[in-house]
Amino acid sequence: MCGSFRLDYDVIALMKRYRIEHKADLSDKSFNGDYFPGMRAPIIRQNENYRMLSVLDWNFPLYDTGKNIFNARQETVNTKSFFANSFKLRRGILPVSSFYEWSKQPSHKFEIFDGELISIGIIFNRFKDKDNKTFEGFSILTTDSYGVPKYIHNRLPVIIPKDCEDLWLNMDTDIKELKQIMEIENKKLKTRQIGD
């Protein structure tokens, strides 16, 4: 699970890191701070001819139920009808400096990081809000926890290795290869407790 994350990067640095040629009309020159479900956050996506930086809502509404999905399990994302089309055609990357998880026994907040920009796998789609206005929203893909973080929480965001980012953003990559990418473990993850 991923309940919040942090990003401390300026737009130019993000564009250079991800080889982005185009960006949406962004008023932000930099992204600094903590992000929570429902907020707007920068994501990287691949159009047919170029890679793009966009800002989308961290929100994936479940039809007309009023329920919002902020995380989707990688194990079933390609088979659940609600997610399958987005997984096939609209995958992206959420860049984060770190993300947060909470332990249960006892309850503590932990920051998880690896010292570099982390690329989290997402899916996105277009939706209509209660006023019938169209917006784009994303959901973070999660996987079974591993390494040190597994002692904090049983789920982690899917982390896309840098050398797999092109394959991940390529909508022609087959499901088997995508599944293999989602199961790669980031061996560099570290944790630190925040607060008492």
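**Exercise 1. Find which residues are linked with Arg 6 in a network of salt bridges in this predicted model.**

Solution.
Step 1. The network links Arg 6, Asp 8 and Asp 34.
Step 2. Take one pair from it: Asp 8 forms a salt bridge with Arg 6, and their closest N and O atoms are 2.8 Å apart.
Step 3. Compare this distance with the cut-off: a salt bridge needs a side-chain nitrogen of Lys or Arg within 4 Å of a carboxyl oxygen of Asp or Glu.
Step 4. Check the surroundings. Asp 8 has a relative accessible area of 32% and is partly exposed. Arg 6, at 25%, is partly exposed.
Step 5. Place the pair in the whole structure, where a search finds twelve salt bridges.

**Exercise 2. Describe the salt bridge between Arg 40 and Asp 57, and state what it ties together.**

Solution.
Step 1. The side chains of Arg 40 and Asp 57 meet with an N to O distance of 2.8 Å.
Step 2. Arg 40 lies in strand β4 (residues 40-46) and Asp 57 in strand β5 (residues 51-58), so the pair ties together parts that are 17 residues apart in sequence.
Step 3. Classify each partner. Buried means under 20% relative accessible area. Asp 57, at 16%, counts as buried, whereas Arg 40, at 47%, counts as partly exposed.

**Exercise 3. Classify Lys 187 as buried or exposed, and name its salt-bridge partner.**

Solution.
Step 1. Exposed means over 50% relative accessible area.
Step 2. Lys 187 has 71% relative accessibility, so this residue counts as exposed.
Step 3. The partner is Glu 185, with the closest N and O atoms 3.1 Å apart. Glu 185 is partly exposed, with a relative accessible area of 37%.

**Exercise 4. Work out which strands stand at the edges of the open sheet of five strands.**

Solution.
Step 1. Write the order: β3-β1-β10-β11-β15, with antiparallel pairing.
Step 2. β3 (30-35) and β15 (190-194) each have a single partner strand, so one side of each has no neighbour in the sheet; these two are the edges.
Step 3. The twist from one strand to the next averages 25°.
Step 4. Look at one pair inside the order. β10 (residues 98-103) and β11 (residues 108-113) are antiparallel over five bridges, and Trp 102 stands opposite Lys 109 in β11.

**Exercise 5. Identify the residues that touch the most other members of the largest nonpolar core.**

Solution.
Step 1. This core has 52 residues, and the ones sought are Leu 94, Phe 99, Phe 138, Leu 141 and Trp 168.
Step 2. Strand β12 (residues 118-128) gives the most to the core, with six residues.
Step 3. Follow Phe 138. Leaving aside neighbours within four places in sequence, its contacts include Leu 94, Ile 122, Phe 124 and Asp 57.

Key. Residues are numbered from 1 along each chain as its sequence is written. This is a predicted model: local features need pLDDT of at least 70, side-chain atom pairs count only at pLDDT 80 or more; totals for chains, interfaces and linings use all residues. Side-chain values use heavy atoms; hydrogens and water are left out. A nonpolar core is a set of buried Ala, Val, Leu, Ile, Met, Phe, Trp, Tyr and Cys residues joined through side-chain atoms within 4.5 Å. Buried means under 20% relative accessible area, exposed over 50%, partly exposed in between (1.4 Å probe, protein chains only). Helices (H or I, at least four residues) and strands (E, at least two) are DSSP runs, numbered from the N terminus. Contact means heavy atoms within 4.5 Å. Two strands pair if DSSP finds at least two bridges between them. Axes are lines fitted to C-alpha atoms, for helices over the stretch in contact, and angles run from 0 to 180 degrees between N-to-C directions.
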